[in-house]
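This report describes one protein chain from its overall dimensions down to selected residues. The sequence and the structure are shown first.

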Amino acid sequence: MEPLLQQIRQCNACAIKLKHECKPIIQASENSKVLIAGQAPGRIAHETGIAFNDASGQRLRDWLGVSESEFYDSNNFAILPMSFCYPGSGKSGDLAPLKECSLKWREQLMQSLTQVQLTIIIGRYAKQYHLGNNRQSLTEVVFMGFDFEHRRIVLPHPSPRNNIWLSKHPWFESEVLPQLKVQVSKVLSQ
């Protein structure tokens with residue numbers, strides 16, 4: 001897998017569409033147990049070169065019930081956003097992930113992740129990719145909780161911009177997050 005990761009980290013396929021330099025951010029190993037399928041790196045991740053190195057990441061680690069060192073251990077977590085480079089910001093937050101990364105790299109990566117026992121799908125772009133043309137809203141799919149058959153769960157983005165959504169859906173914290181923490185703990189302890 002390391003040669004593939006090196007190729008991805010050197011990729012500049014979307015350079016013409018970005019206002020910033022291409023700086024693919026990805027974390028994975030052939031031993032990764034949990035796949036985090038997110039949207040795209042944010043500004044701080046772009047600046048530091050570290051995925052979820054911001055308030056969203058702190059919230060996500062809290063949701064998962066893991067420490068920073070556990071989270072950044074690629075034998076525990078593969079972090080594969082739908083777009084590996086920061087897409088830039090728009091009027092109401094970051095721009096949508098660019099499709100070039102998914103088209104060029106995602107299938108190869110998914111085939112290399114043979115040890116993944118749990119997939120955590122974050123946000124609507126990752127939902128569309130992993131669940132196909134599922135017509136349910138993100139909220140409806142999140143409400144369903146853990147999908148035991150496929151060993152996956154869909155989450156809203158942990159961004160502070162989603163505080164309103166979180167306050168309107170208290171069942172997420174009381175019902176979904178406990179399931180998530182149990183499943184992550186089980187997988188990491190194996």
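The sections below treat the overall form, the paired strands and several individual residues.

## Overall form

The model is predicted. The chain contains nine helices and six strands. For a compact globule of 190 residues, a radius of gyration near 16 Å would be expected, and the value of 16 Å for the chain therefore agrees with that form. Along the principal axes, the C-alpha atoms occupy a box of roughly 45 × 40 × 35 Å.

Among the contacts in the chain with a separation of 6 or more, 72% are between residues 24 or more positions apart. Buried residues make up 47% of the 190 residues.

## Surface and charge

The accessible surface of the chain is about 9,900 Å². Carbon and sulfur atoms contribute 48% of that surface. The chain carries 21 positive and 17 negative charges, and the mean positions of the two sets lie 7 Å apart.

## Strand 5 and its partners

How many of the five residues of strand 5 are buried? Five of the five residues, spanning 118–122, are buried, so strand 5 is largely enclosed by the rest of the structure. In a regular strand, side chains alternate between the two faces of the sheet. In strand 5, Leu118, Ile120 and Ile122 point one way, while Thr119 and Ile121 point the other way. The residues of both sets are buried.

Strand 5 pairs with strand 1, residues 34–37, in the parallel sense through four bridges. Four bridges also join strand 5 to strand 6, residues 152–155, and these two strands run parallel. Ile120 takes part in both pairings: it is the bridge partner of Ile36, and its own bridge partner in strand 6 is Ile153.

## Strand 1 and its partners

Strand 1 has Val34 and Ile36 pointing one way and Leu35 and Ala37 pointing the other way. All four of these residues are buried. Opposite Ala37, in strand 5, stands Ile121.

Strand 1 also pairs with strand 2, residues 77–79. The two strands are parallel and are joined by three bridges. Within this pairing, Phe77 of strand 2 is the bridge partner of Val34. Strand 1 is thus bridged to strand 2 and to strand 5, and strand 5 is in turn bridged to strand 6.

## Loop residues with positive phi

Phe52 is not a glycine, yet it has a positive phi of about 55°. The residue is located in the loop between helix 2 (43–48) and helix 3 (55–64). Is Phe52 buried or exposed? Its relative accessibility is 13%, so Phe52 counts as buried.

Arg151, also a residue other than glycine, has a positive phi near 55°. Arg151 belongs to the loop between helix 7 (138–143) and strand 6. With a relative accessible area of 30%, Arg151 is partly exposed.

## Ser159 in the loop after strand 6

Ser159 is in the loop between strand 6 and helix 8 (163–168). Its relative accessible area of 14% places Ser159 among the buried residues, because the limit for that class is under 20%.

Which residues does Ser159 touch, leaving out those up to four places away in sequence? They are Ser56 and Arg59. Ser159 and Leu18 are separated by 141 residues in sequence, and their C-alpha atoms are 22 Å apart in space.

## Phe172 in helix 9

Phe172 is part of helix 9, residues 171–189. The relative accessibility of Phe172 is 1%, so this residue counts as buried. Beyond its neighbours within four places in sequence, Phe172 is in contact with Trp63, Val142, Leu155, Pro156, Trp165, Leu166 and Leu177.

Several of these contacts can be placed in elements described above. Trp63 falls within helix 3 (55–64), Val142 within helix 7 (138–143), and Leu155 within strand 6 (residues 152–155). Trp165 and Leu166 fall within helix 8 (163–168), and Leu177 within helix 9 (residues 171–189). Phe172 and Phe148 are 24 residues apart in sequence, with a C-alpha to C-alpha distance of 17 Å.

Note on methods. Residues are numbered from 1 along each chain as its sequence is written. This is a predicted model: local features need pLDDT of at least 70, side-chain atom pairs count only at pLDDT 80 or more; totals for chains, interfaces and linings use all residues. Side-chain values use heavy atoms; hydrogens and water are left out. The radius of gyration is taken over C-alpha atoms; the globule rule is 2.2 Å times the number of residues to the power 0.38. Buried means under 20% relative accessible area, exposed over 50%, partly exposed in between (1.4 Å probe, protein chains only). Contact means heavy atoms within 4.5 Å. Accessible areas come from the Shrake-Rupley method with a 1.4 Å probe; for residues, only the protein chains shown count as cover. Lys and Arg count as positive and Asp and Glu as negative; His and the chain ends are not counted. The place of a charge is taken as NZ of Lys, CZ of Arg, CG of Asp or CD of Glu. Two strands pair if DSSP finds at least two bridges between them.
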